[in-house]
Amino acid sequence: MASEIKTLYEKDGVYIHINVNTHTSDRDAHLPGRIYLLQKPEGTFVEWKAEEVMSLDNHSEQDWAMISSVGYQPDRGSDTVADQKNDRKRYNLSFEVLDLKSFKRSAPSHGWAYIIFILKDGTTYPAVHFHNGGSKALLKELEKFVHIRRSPTDSRLFIIQDHDSEALSMSFDELNLFQDSQGDLVSKFIKDPYTTTMGSFSKVTNFLKDVLLQPEDDSVPKDKVVEILSEDIPGMEINNQDEPGYELVSKTKLPPRPDVNRGTPLTSQQWSKHMDREGRIINVEEVKDQIFRGGVDPALRIDVWKFLLDVYEWDSTYSSRTKTRKRKLDDYFRMKLQWTTIRSDQEKRFSLFKERKCLIEKDVTRTDRTHKFFEGEGNPNLQVLHDILMTYCMYNFDLGYVQGMSDLLSPILVVMENEVDAFWCFAGLMERVCDNFQMDQEGMKTQLAQIHKLMQYSDPELCNYLESHESGNFYFCFRWILIHFKREFTFSDAQRLWEVIWTDLPCKNFHLLICLAILDTEKTTLMENKFGLTEILKHINDMSMAIHLEETLKKAEGIFLQLKNAKHLPDTVKEVLGFPTSNSSPAGSRGSSGTSTPVQLQTPASTPVSGPSASSSMSVSFTKDKSYKNSARLHLPEFMRDSSSQASPDDSSIEILSDNCNGGTSNFYN
């Protein structure tokens with residue numbers, strides 16, 4: 001059978017980069033391999049295969065990567081050549097060329113050339129980096145089998161087009177546009193498309209434009225807004241009944257979106273300078289601003305997080321903090337004693353306690369097990385994780401435990417390395433996000449609806465597209481909001497993101513602007529590929545561990561400044577961001593859980609802003625809020641529970657070099 005396989009193209013020195021947010025030269029960050037274009041009896045295939053592991057390096061820092069339930073994670077338990085071979089093979093990719101929907105290329109002259117392949121079902125593969133050149137040669141070979149056109153809105157995105165006469169005839173037949181026999185319709189259309197389609201051209205504009213005609217301009221036609229359709233999360237239903245009250249969104253143009261610069265993390269020296277002799281934090285807003293701008297030095301988090309999560313007051317002294325900690329220590333072990341002294345016969349008659357205990361035990365065994373803090377059998381840190389969650393059930397009887405809480409506790413425990421401190425920090429975090437875990441789902445429904453409101457104004461084109469492709473409910477953002485992007489970023493990046501959000505700058509619900517920033521980055525990919533509901537869900541899931549944190553934060557703050565500087569913002573948008581509305585006065589509020597209490601607008605004092613990069617416009621439309629029906633339980637869709645799909649690097653997060661191959665080839669791919 002192997003003799004029937006013909007190699008059309010082969011290139012070595014093609015790498016998959018494991019962690020797109022870490023700048024490292026370690027060999028475990030770049031997996032070497034070969035890429036092939038193969039002609040098989042069943043079709044033409046693109047394949048990448050990892051090189052074989054020839055020897056085992058004894059350096060302790062080498063940890064070959066494996067795929068976990070949420071993306072790529074280091075596995076320090078792989079200590080044999082066989083293990084490393086198997087781990088590398090997990091990254092092998094293979095797909096038929098005809099299944100290819102589009103691909104992204106790196107910008108020229110900015111790093112190793114790479115290609116990200118996106119399939120028709122929404123699967124997005126990790127970027128393959130051509131360290132020794134050859135990407136253009138591969139694409140020239142691909143061009144022999146598929147028709148490729150560059151996206152009119154993104155010069156780095158290339159769309160695969162199918163010339164399918166049968167599909168064209170079928171489309172015309174289903175639309176019932178013509179009385180001509182379908183046998184000669186296609187030939188008539190190709191010879192004289194204008195005359196043939198004179199009376200019905202508007203109905204097939206998009207089809208003809210994408211399949212037969214090259215775009216004449218850079219404009220993307222806006223899809224007609226449709227009603228939000230079926231739900232994707234069991235138990236979350238949409239109330240489509242008309243509600244009183246319409247808001248007229250007048251025609252306005254948003255000001256240009258400014259470029260924003262990020263800063264450096266807060267250091268121990270800087271932290272000390274903000275304390276007086278008795279230990280009070282002075283210039284609190286200045287401290288928060290620096291944390292928002294650059295995060296906190298990892299070694300300092302054990303102290304700073306306790307202030308951000310309200311374990312200590314900002315104006316507390318050394319002496320008062322000592323007393324507070326002693327009181328919290330006693331409170332914790334008192335609550336822990338309440339559940340540890342429940343006998344087995346009591347547990348039989350305490351069904352709710354037993355149910356929560358079983359759920360916690362199940363979740364703890366699969367929480368961040370590839371992280372060195374939790375890896376290995378019999379790891380005592382797993383017991384600490386378990387005990388904190390059980391004690392929280394005693395602390396908050398009404399809420400108890402809901403799936404996802406272990407994801408929020410894990411990074412805190414890694415930082416604190418202390419059961420009591422981790423518990424009270426976790427309790428402080430839950431005060432911020434507890435609405436996410438309410439059984440009636442009102443907190444989640446509210447925030448999903450708020451994303452819709454924000455996008456209606458900030459990016460109506462993308463909002464209309466999502467609405468017309470059964471995604472206007474924004475359920476694909478569910479996991480992002482539920483556990484604050486914990487599974488979308490690497491462990492360290494998630495910690496950095498959280499401390500930025502905990503500053504409550506620059507406005508209420510900044511995490512929703514982060515959602516908009518991520519979607520803005522993926523806008524061209526979603527729209528140019530014409531992804532529907534299934535493909536959008538798959539693509540969003542494949543982005544796990546491949547989102548560039550700093551670029552996302554820059555874009556999110558840029559969107560905030562763009563909205564802040566806009567004239568005549570609708571009250572619905574003002575309420576989401578905590579801006580003063582025409583019917584209310586600002587009042588201080590934290591606003592991280594999706595509530596709509598107005599808060600005082602806070603702009604980071606040190607916001608560095610450079611020239612504008614983009615602007616958006618809004619057309620006249622009537623909007624009304626969609627309310628969600630109550631539900632008895634909090635359900636997660638299967639794809640959000642334990643994602644096992646491969647993560648794919650976002651092209652904006654990868655270092656890029658020029659492609660060294662075939663300088664004389666066409667500039668089409670430059």
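The following paragraphs lead from the overall make-up of the chain to its cores, one of its helices and its cysteines.

The model is a predicted one. The chain holds 670 residues, and 55% of them count as buried. Its secondary structure amounts to 24 helices and 19 strands. Sequence-distant pairings are frequent in the contact list: of the contacts between residues at least 6 apart in sequence, 75% join residues at least 24 apart. The surface that the chain exposes comes to about 29,700 Å², of which carbon and sulfur atoms supply 49%.

The interior may be taken next. The largest nonpolar core comprises 123 residues, and W271, M430 and L513 have the most contacts inside it. Helix α20, which spans residues 510–528, gives the most to this core, contributing 11 residues. Apart from this core lies another, of 30 residues, with I18, L100, L139 and V146 among them. The surroundings of W271 can be described in detail. When neighbours within four places in sequence are left aside, W271 is in contact with L266, I281, V287, L300, D303, V304, F307 and W314. The partners of W271 thus include the acidic residue D303 beside residues such as L266 and F307.

Helix α12 offers a closer view of how a single element is placed. This helix runs over residues 351–364, has 14 residues, and reaches 20 Å from its first C-alpha to its last, close to the 20 Å expected at 1.5 Å a residue. Its buried residues are F353, R356, I360, D363 and V364. These residues lie on the same side of α12, because they cover an arc of only 100° around the axis. On the other side of α12, S351, E355 and K362 are exposed. The cover over the buried residues of α12 includes α10 (318–340), α11 (344–348), α13 (380–395) and α14 (405–416).

The cysteines close the account. A disulfide is a covalent bond between the sulfur atoms of two cysteines. With a disulfide taken as a pair of cysteine sulfur atoms within 2.5 Å, the count for this model comes to 0. Two cysteines may be examined individually. C425 has a relative accessible area of 0% and is buried. C434, at 18% relative accessibility, also counts as buried, because the cut-off for burial is under 20% relative accessible area.

Key
Residues are numbered from 1 along each chain as its sequence is written. This is a predicted model: local features need pLDDT of at least 70, side-chain atom pairs count only at pLDDT 80 or more; totals for chains, interfaces and linings use all residues. Side-chain values use heavy atoms; hydrogens and water are left out. Helices (H or I, at least four residues) and strands (E, at least two) are DSSP runs, numbered from the N terminus. Buried means under 20% relative accessible area, exposed over 50%, partly exposed in between (1.4 Å probe, protein chains only). Contact means heavy atoms within 4.5 Å. Accessible areas come from the Shrake-Rupley method with a 1.4 Å probe; for residues, only the protein chains shown count as cover. A nonpolar core is a set of buried Ala, Val, Leu, Ile, Met, Phe, Trp, Tyr and Cys residues joined through side-chain atoms within 4.5 Å. The expected span of a helix is 1.5 Å times one less than its number of residues. The arc is that of the directions from the helix axis to the C-beta atoms.
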